[in-house]
Amino acid sequence: MKITGYKTKTYEAPTKRYCQTLDLKDDPQLIGEYVKRHSESEAWPEIREGIRSVGILEMEIYILGNRLFMIVETPLDFDWDEAFKRLATLPRQQEWEDYMSIFQEAEANATSAEKWKPVERIFRLYD
């Protein structure tokens with residue numbers, strides 16, 4: 001497989017990035033279904049709208065085996081805790097979380113903020 005990279009967006013104002021990880025249950029059928037449910041044609045529009053409504057500019061999820069890696073781009077003044085408290089109250093969000101929990105190695109009643117674990121940056125090409 002040729003590595004070609006992924007195009008990123010450019011924003012007019014500075015942004016910050018959050019990186020998090022979550023493991024799926026190690027079951028190829030469940031993983032395939034999880035991937036399908038996150039495809040452009042299958043992801044619930046209310047969930048995408050809710051993510052944007054709390055101030056998230058971009059969210060990407062990558063997969064390797066059963067490990068997920070999520071990158072979230074936000075404005076500099078974004079407050080993660082406040083945004084995810086608001087997100088949890090939006091239409092269909094809890095239904096989505098409950099549904100996704102069947103695929104994830106996490107407590108069934110955990111919130112999105114509890115399931116996804118922050119990743120510590122240990123290197124970057126400094127200016």
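**A walk through the aromatic rings, a helix and a hairpin**

Let's start with tyrosine 6, which is exposed, at a relative accessible area of 63%. Keep in mind that you are looking at a predicted model. Across the whole structure, a search turns up 9 aromatic pairs. In one of them, tyrosine 6 meets tyrosine 62 edge-to-face, with 5.2 Å centre to centre and 70° between the planes. These two partners are 56 residues apart: tyrosine 6 lies in the segment before β1 (15-23), and tyrosine 62 belongs to strand β2. Tyrosine 62 is partly exposed, with a relative accessible area of 24%.

Now try phenylalanine 78 and tryptophan 80. Their ring centres are 6.2 Å apart and their planes sit at 75°, so this pair is edge-to-face too. Phenylalanine 78 is buried at 8% relative accessible area, and tryptophan 80 counts as buried at 11%.

Back to strand β2 (residues 58-64) for a moment. Strand β2 runs antiparallel to β3 (residues 67-75), and 7 bridges join them. One of the pairings matches isoleucine 61 with methionine 70 in β3. The two strands make a hairpin with 2 residues between them, and glycine 65 in the turn has a positive phi of about 65°.

Next stop: helix α4 (residues 93-100), where Gln93, Trp96, Glu97 and Met100 are buried. Looking down the axis of α4, you'd find its buried residues within an arc of 100°, so they line one face of the helix. Why does that spacing work? An α-helix has 3.6 residues a turn, so residues three or four places apart point the same way. The buried residues of α4 pack against α1 (28-37), α2 (45-53), α3 (80-88) and α5 (112-115).

Trp96 also joins Tyr34, Trp44, Tyr99 and Phe103 in one aromatic cluster. Over the ring of tryptophan 44 sits the charged end of arginine 92, 3.9 Å from the ring's centre.

Notes:
Residues are numbered from 1 along each chain as its sequence is written. This is a predicted model: local features need pLDDT of at least 70, side-chain atom pairs count only at pLDDT 80 or more; totals for chains, interfaces and linings use all residues. Side-chain values use heavy atoms; hydrogens and water are left out. Two strands pair if DSSP finds at least two bridges between them. Helices (H or I, at least four residues) and strands (E, at least two) are DSSP runs, numbered from the N terminus. Buried means under 20% relative accessible area, exposed over 50%, partly exposed in between (1.4 Å probe, protein chains only). The arc is that of the directions from the helix axis to the C-beta atoms. Contact means heavy atoms within 4.5 Å. Rings of Phe, Tyr and Trp (its six-membered ring) pair if their centres lie within 6.5 Å; planes under 30 degrees apart count as stacked, over 60 as edge-to-face and the rest as tilted. A charge sits over a ring if NZ of Lys or CZ of Arg is within 6 Å of the ring centre and within 35 degrees of the ring normal.
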